[in-house]
Amino acid sequence: MKFVCDAMLGKLAKYLRLLGFDASYARNKAALTDRLSQDPDRILLTRRSGSEFSSPTIHIRSELVREQLDEIKGLIKAGFNKDTALSRCVECNVSLAEVDKEEVESRVPEFVYHTYARFRLCPSCKRVYWEGSHAKGMGELIKEMLR
Ligand SMILES: [Zn+2]
């Protein structure tokens, strides 16, 4: 299940990535047109009513990201896979690569290096992720979404 979020839903795209979904973000209409012509099966999430695209479209009503997630909770629940949750770069929407701890030693705070065993790297922006580096309360969010 893949999504594309329009310009007003950047925050929602990030949350969907945290949950493990491929959620592309289109900052303008040209980007959106481009994305959907490459990949017409992506589910378009938009706050605009009425869409000129033939892709499956969900009209999001709330301005608050937690309520937006609630609006698509059914889909999230259906597509969620615990193995891919927290496995995607929140900024780039690409899958993270496992890296050896030693490789990231100079790039993470010392206490983090000593506290955690597993590190992952975004191949695109080179940001390092570890258990606990994702937004606080993600575990709670996941539980809530699956309830
Ligand atoms: Zn990245």
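This is a short tour of one predicted model, with stops at a zinc site, a buried aspartate, a helix and a pocket.

**Stop 1: the zinc ion**

Select the zinc ion and show the side chains around it. Its protein donors are the SG atoms of C89, C92, C122 and C125. They lie 2.2 to 2.3 Å from the metal. Now check the angles among the four donor atoms: they run from 107 to 115°, and the site is tetrahedral. Along the sequence, the donor residues follow the spacing C-x2-C-x29-C-x2-C.

Next, colour C89 and C122. C89 sits in the loop between α4 (73–79) and β5 (97–99). C122 sits in the loop between β6 (119–121) and β7 (128–130). These parts are 33 residues apart in sequence, so the pair ties them together. Are C89 and C122 buried or exposed? Both C89 and C122 are buried.

**Stop 2: D22**

Move to D22, in strand β2 (residues 22–25). Its relative accessibility is 16%, and the cut-off for buried is under 20%. D22 therefore counts as buried.

Show the side chains of R42 and N93. Which side-chain contacts does D22 make with them? The D22 side chain makes a polar contact with the R42 side chain at 2.8 Å. A polar contact also joins the side chains of D22 and N93, at 2.9 Å.

Then widen the selection to what D22 touches. Leaving out residues up to four places away in sequence, D22 touches M1, K2, F3, R42, R88 and N93.

**Stop 3: helix α1**

Select residues 10–18, which form helix α1. Which residues of this helix are buried? They are L12, A13, L16, R17 and L18. Note that R17 is on that list alongside the leucines.

Now show what lies over these side chains. The cover for the buried residues of α1 includes the strands β1 (2–5), β2 and β3. It also includes the helices α3 (65–71), α4 and α6 (138–146). Strand β2 is where D22 was found.

Step just past the end of α1 to G20. Here the backbone takes a positive phi of about 100°.

**Stop 4: the second largest pocket**

Finish at the second largest pocket, with a volume of about 180 Å³. Its lining has 14 residues. Select D6, L32, T46, R48 and F53: these are the closest to the pocket centre. Then colour α2 (29–38) and β3 (43–46). Each supplies at least two residues of the lining. Strand β3 also appeared at the previous stop, among the elements that cover the buried residues of α1.

Conventions
Residues numbered from 1 in each chain as written. Predicted model: local features only at pLDDT ≥ 70, side-chain atom pairs only at ≥ 80, totals over all residues. Heavy atoms only, no water. Helix = DSSP H or I, 4+ residues; strand = E, 2+ residues; numbered from the N terminus. Buried < 20%, exposed > 50% of the residue type's maximum accessible area, 1.4 Å probe, protein only. Polar contact = N/O pair within 3.5 Å; in protein donor to acceptor, adjacent residues only side chain to side chain. Contact = heavy atoms within 4.5 Å. Donors = N, O, S within 2.8 Å, 3.2 Å for Na, K, Ca; no water. Tetrahedral: all angles 85-135°; square planar, octahedral: opposite > 155°, others 65-115°. 1 Å grid on protein atoms, 1.4 Å probe; cavity = no way out; pocket = protein on both sides within 12 Å on 5 of 7 lines; lining within 4 Å. Points joined across faces, edges and corners; volume = space filled by probe spheres on them.
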